[in-house]
Every structure is written in structure tokens, then in C-alpha cells.
Amino acid sequence: MLYVKAPAKINLTLDVLSKRPDGYHEVEMIMTTVDLADRIGLENRQDGQILIQSSNNFVPDDQRNLAYQAAQLLKDTYDIKYGVSITIDKQIPIAAGLAGGSSDAAGTLKGLNELWQLQLTPDDLAELGAKIGSDVPYCVYGGTAIARGRGEKIEHIAAPPNCWVVLAKPTIGVSTAAVYGGLELDQVEHPQTAKMLEAIAENDYEKMCRNLGNVLESVTLGLHPEVSSIKEQMKRFGADAVLMSGSGPTVFGFVSNEARTTRIVNGLRGFCDEVYAVRMLGERYSLD
Ligand SMILES: C[C@](O)(CO)[C@H](O)COP(=O)(O)OP(=O)(O)OC[C@H]1O[C@@H](n2ccc(N)nc2=O)[C@H](O)[C@@H]1O
Ligand SMILES: Nc1ncnc2c1ncn2[C@@H]1O[C@H](COP(=O)(O)OP(=O)(O)OP(=O)(O)O)[C@@H](O)[C@H]1O
């Protein structure tokens, strides 16, 4: 059995520049991986079948699973006769804005590249991953990056200033397509992506906190007011800065000190089931 870690990501910024003719949106977003990860087990099969087993009943166990799609794509592209049993130990909240499914797909691509000895480069895997979903190429590399296009054009940047990250996911799940669909582009307040890049380059924690921004946040807040109240609580308990990740509904808060992190986590647990204190991983390939 080969094991691969598939970490979650958060968006430090998420800007949408335009709507494209293909139905996707042109984005510009800074993402970084955090140390909350699914663990994927891969075992070769001689019968050619792809089987999925997961610790979580809400994870689909058929071709709807992005890890299944990753295995199928490799089989089809490289005419592989083997199959694979994929076990997903799910730690990342589902439909949360943390790229859980995309990271499972990326982890499966990387793991099968080894198991089936395909000798593909990370760039090859990222290009294949784009066929599965917009976040998959980024998840192949991990670390800190600015993503453009529909999310598949990746430029690696330095690790953000070090701090604690509190994640809180309300019980609702959010459909990414519905959130992009609800975006009114002429009304959005664009984040200062250039300032965030400066903050990271200068390793300036306060500047990073001041420049968090996500244009999808107001859409999700409109659909799910409970996300607003989690943001408010996180600020009230003492987070330095708070933002929704991706299309939501997970909210993250940055905290510079451990004692305050513990206080925020304990405070939030009162009315939110899924709360985690994690660290940013910073560099690409840091889990490999
Ligand atoms: C919100 C983010 O997670 C931020 O990292 C991503 O932009 C979404 O990435 P994802 O979940 O991998 O998205 P996909 O599976 O490729 O697309 C889901 C749906 O989101 C919308 N979508 C996604 C990406 C993009 N650049 N523009 C879009 O409009 C489309 O309606 C698409 O049908
Ligand atoms: N391996 C997987 N893990 C979790 N959900 C998956 C997986 N494969 C497919 N799905 C489906 O995808 C939907 C979205 O789940 P996921 O956890 O990937 O969302 P997300 O974290 O919001 O992703 P993103 O941030 O990339 O938009 C789920 O409702 C589920 O039905």
C-alpha cells in the first residue's frame, strides 16, 4: 500500500477579473497549503478496476469522486491495464472551500505516478489535473502560489509570514458553481493582490492581515448568513484577521500567538462542530 498526504488550501486573496465564454471565470488568487490533510492509500489491482473506500459516508465512492476521476484519467491517457483500490481517510471538511476533493485528485495523480512508474513530471500531472478541476493543478504542487486563468496557471511565490490559522466550518456545504453564478462582477470590491504579494515578499504579518480579500465572500454571505456570524465570533474571540476561503463556507482567522489561538478554538467550539488550529505549510512539495 502506498500512502499520499493530500493537504487543504486556503485563499489569502481571491479576485475574479471577468466571466469567460466557456462559463468559467478568469481569476487571480493567492493560495497556500495548511497542515490539515486527507491520507490516501493506493493499492495496485490486477483486475483493472478502480475502487474507492472512504472513512466518510458523504464522500462519493464512484466516478463522482475526484480521486476516481484522477485514476481513470491516467488509465485512459497511458493505456494502463492495472486498477487501483483507493482508500481516503477524510480529515478535510467536505464542500468547504478547502479544495478537499481537488487535493485528493492531485494526491492520487502523484501516488499513481509512482505506483504505475509513469515518470511524469509535476508539470505533466498539473496539466492532466486541469482536466479534473480548476484547483487540481495548484494542489499537485502545493505550497504558496498565485493562480490565474481559471486557476490552472500557477506561479510559485515565497511562504507567507508564519502564524496560527484557525479554521471553522459551519454545518452547511456550499456549491462552488452556485457561488460563482451569483457573482455580480460590476459590484465587487477587488482585493489588493499586489499589496498581498508585497506583504509576503516582505514577510510582513500585519500587512498580510490588512490585505486579505475574497470577492466570493459577499455572495456566500448572502446565501448563508451563518458564515457572517462565524466571522464575527472569530473576530470577537481575538483573531487578527478573518476571511472566508474559496467559495466557502469555511472561515479562517490568523492569530500570531498560541494562547490566543487556543482561546479562539475553545470559544468557537460552542457553536461550530468543525474547528481546527493549523499551520501554513508555506513551501511547495513540503509534504512529499
Ligand atoms: C473557489 C475555488 O476553490 C478557489 O480556489 C476555485 O476557483 C474553484 O475550483 P474547483 O472547485 O476546482 O472548480 P471546478 O470544479 O473547476 O468548477 C466548478 C464550477 O465553479 C465555477 N468556476 C470554477 C472556477 C473558475 N475559475 N470559474 C468558475 O466559474 C464553474 O461554474 C464550474 O462549473
Ligand atoms: N475526494 C472527495 N472528497 C470530498 N468530496 C468529493 C470528493 N470527490 C468528489 N467530491 C464531491 O465534491 C463536492 C465538493 O467537495 P470538496 O470537498 O472537494 O469541495 P471544496 O473543498 O469546496 O472544493 P473547492 O475548494 O476546490 O471548491 C462534494 O460535495 C462531493 O460530492
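The chain has a mean pLDDT of 96, and 98% of its residues reach 70 or more; pLDDT is the predictor's confidence in each residue, from 0 to 100. For the complex, the predictor gives an ipTM of 0.97 and a pTM of 0.97. This is a predicted model, in which local features need pLDDT of at least 70, side-chain atom pairs count only at pLDDT 80 or more, and totals for chains, interfaces and linings use all residues. Residues are numbered from 1 along each chain as its sequence is written, while chains are lettered from A and ligands numbered from 1 in the order in which they are written.

Now to the domains, whose bounds come from an automatic or database domain assignment. Their centres, taken over C-alpha atoms, are 23 Å apart. Here is what each brings to the contact (C-beta atoms, placed from the backbone, within 7 Å):

| Domain | Residues | Residues in the contact |
|---|---|---|
| domain 1 | 2-156 | 21 residues |
| domain 2 | 164-279 | 30 residues |

On the side of domain 1 that touches domain 2, β1 (2-19) and β2 (25-45) are the elements giving two or more residues. β1 supplies the largest share, eight residues. Strands here are DSSP runs (E, at least two residues) and helices likewise (H or I, at least four), numbered from the N terminus. By type, this side of domain 1 has 13 nonpolar, four polar and four charged residues. Nonpolar means Ala, Val, Leu, Ile, Met, Phe, Trp, Tyr, Cys and Pro; charged means Asp, Glu, Lys and Arg; the others, Gly among them, are polar.

Finally, an unreviewed UniProt entry lists residues 65-143 as "domain: GHMP kinase N-terminal"; such annotations may be inferred rather than shown by experiment, and positions follow the numbering used here, with feature names shortened. Residues 65-143 are 54% helix and 9% strand, with their end C-alpha atoms 24 Å apart.

Technical notes:
Two residues are in contact if their C-beta atoms, placed from the backbone, lie within 7 Å.
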